[in-house]
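Reader: Before I rely on any of the labels used for this model, I would like to hear how each one follows from a value and a cut-off. Could you take me through them one at a time?

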Amino acid sequence: MKQLVAELAKQRAGLKDDVSHLIQESLKPLETAVGALRDTVGSFQARLVATETIAGENFERLTTAEATIKALQAQNQTLLDHVDDIENRSRRSNLRIVNIPEGSENGKDPVKFIAELLVECEGPDVFTEPPELERAHRSLERAHRSLERAHRSLESPPFTGESPPFTGEPTVHWRAHRSLERAHRSLERAHRSLERAHRSLATKPKDGKPARPFVVRFLRYQQREAALRGSRNHEVKFQGSPLRFYPDLSSALARKRADYNGVKQALYKKGVRFRLMHPARLGVTFEAQTFTFDSPEEAQEFYKCRVAKE
């Protein structure tokens, strides 16, 4: 019996050692895998920390860039407003006269033609003698066409690096360069003489189409104001056509003022007095009070809340 118990104890100890060894052998791959997984997680954690750091730095840079962009946009808008203001100030002595029939100048100097027209149409109450106007010039179409032809001549044949043999006649490129120089001189003369009574620089319209407006620059601002007031006080006609006088505005300011057209029409239908003030503000007289609006949206809101309900 004692021998049996000893044998069982011996087998039990051997089985225990075998099981322990088997478990240890089985756990080694798991330990290796867990160690590799731990290293991978540590690497990911380090990369995540680096990414968070970079993201934080980029966010700060983005915030700085956005602030800089906003500041530059505000500065750019201020500069654009200043440029537009300067452009409109340079046009203060200008007037646009609409409805003068095409060809009515009949080859006459536009300055002299407009000066005589103002005396004839505005009458002695406004002008007792022809007003003083600056120089005049027609459209730059011809000079631009000459310049285009010269550039086309320069495109062919290509230059090979060698001078062509002299044949007694100017070469294509020599003629083209001469034509180009003449075109540039013509453009320079045209730009120098573009002041100050001329048709708008558009292609001459076909028969039956509206005539191009005349742009007139007065030497004296008071005479410009007199011509504008005279056109508002009585109808001005030339060759049976009613003439309309407008201030000469920049395209940007003209668009801003045109944005009020919708609310102006609505006010006119309601019989409400209004006036467009410089540069682009709307003054409205309603119920014995005067209101001033700096944007079409403000004027439209006022119309909906106050005028439309009447």
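Author: This is a predicted model, and a good place to begin is Asp 85, which has a relative accessible area of 30%.

Reader: What makes Asp 85 partly exposed?

Author: Buried means under 20% relative accessible area and exposed means over 50%; Asp 85 has 30%, which lies in between, so Asp 85 is called partly exposed.

Reader: Why is Arg 89 called exposed?

Author: Arg 89 has a relative accessible area of 53%, and because the label exposed requires over 50%, Arg 89 meets that condition.

Reader: How do you know that Arg 89 and Asp 85 form a salt bridge, and where do they lie?

Author: Their closest N and O atoms are 2.8 Å apart, and since a salt bridge asks for a side-chain nitrogen of Lys or Arg within 4 Å of a carboxyl oxygen of Asp or Glu, the pair qualifies. Both residues belong to helix H1, where they are four residues apart, about one turn of the helix.

Reader: What makes the contact between Glu 287 and Arg 306 a salt bridge, and which parts does the pair tie together?

Author: The closest N and O atoms of Glu 287 and Arg 306 are 3.4 Å apart, which is within the 4 Å limit, so this pair is counted as well. Glu 287 sits in the loop between strand E7 (281-286) and strand E8 (289-293), whereas Arg 306 is in helix H8 (residues 296-307), so the salt bridge ties together parts that are 19 residues apart in sequence. Glu 287, at 49% relative accessible area, does not reach the over 50% needed for exposed and is therefore partly exposed.

Reader: How many salt bridges does the structure hold, and which residues are linked in a network?

Author: The structure holds ten salt bridges, and a network of them links Glu 87, Arg 91, Arg 96 and Asp 248.

Reader: What makes Leu 15 fit for a nonpolar surface patch?

Author: Patch residues need over 30% relative accessible area; Leu 15, found in helix H1 (residues 2-90), has 54%, so Leu 15 passes that cut-off and also counts as exposed. Leu 15, Val 19, Ile 23, Leu 27 and Leu 30 make a patch of about 450 Å².

Reader: Which residues lie nearest the centre of the largest pocket, and which element gives the most to its lining?

Author: Of the 33 lining residues, Leu 228, Arg 232, Pro 247, Leu 249 and Arg 257 lie nearest the centre, while H5 gives the most to the lining, with seven residues. The lining divides into 14 nonpolar, five polar and 14 charged residues, and the pocket holds about 1,000 Å³ of space.

Notes: Residues are numbered from 1 along each chain as its sequence is written. This is a predicted model: local features need pLDDT of at least 70, side-chain atom pairs count only at pLDDT 80 or more; totals for chains, interfaces and linings use all residues. Side-chain values use heavy atoms; hydrogens and water are left out. Patches are made of residues with over 30% relative accessible area and no salt bridge: like charges are joined within 9 Å, nonpolar side chains (Val, Leu, Ile, Met, Phe, Trp, Tyr) within 5 Å. Accessible areas come from the Shrake-Rupley method with a 1.4 Å probe; for residues, only the protein chains shown count as cover. Helices (H or I, at least four residues) and strands (E, at least two) are DSSP runs, numbered from the N terminus. Buried means under 20% relative accessible area, exposed over 50%, partly exposed in between (1.4 Å probe, protein chains only). On a 1 Å grid over the protein atoms alone, a cavity is a set of points where a 1.4 Å probe fits but cannot get out, and a pocket is an open set with protein on both sides within 12 Å along at least five of seven lines; lining residues have an atom within 4 Å of a point. Grid points are joined across faces, edges and corners, and a volume is the space filled by probe spheres set on the points. Ala, Val, Leu, Ile, Met, Phe, Trp, Tyr, Cys and Pro count as nonpolar, Asp, Glu, Lys and Arg as charged, and the others, Gly among them, as polar.
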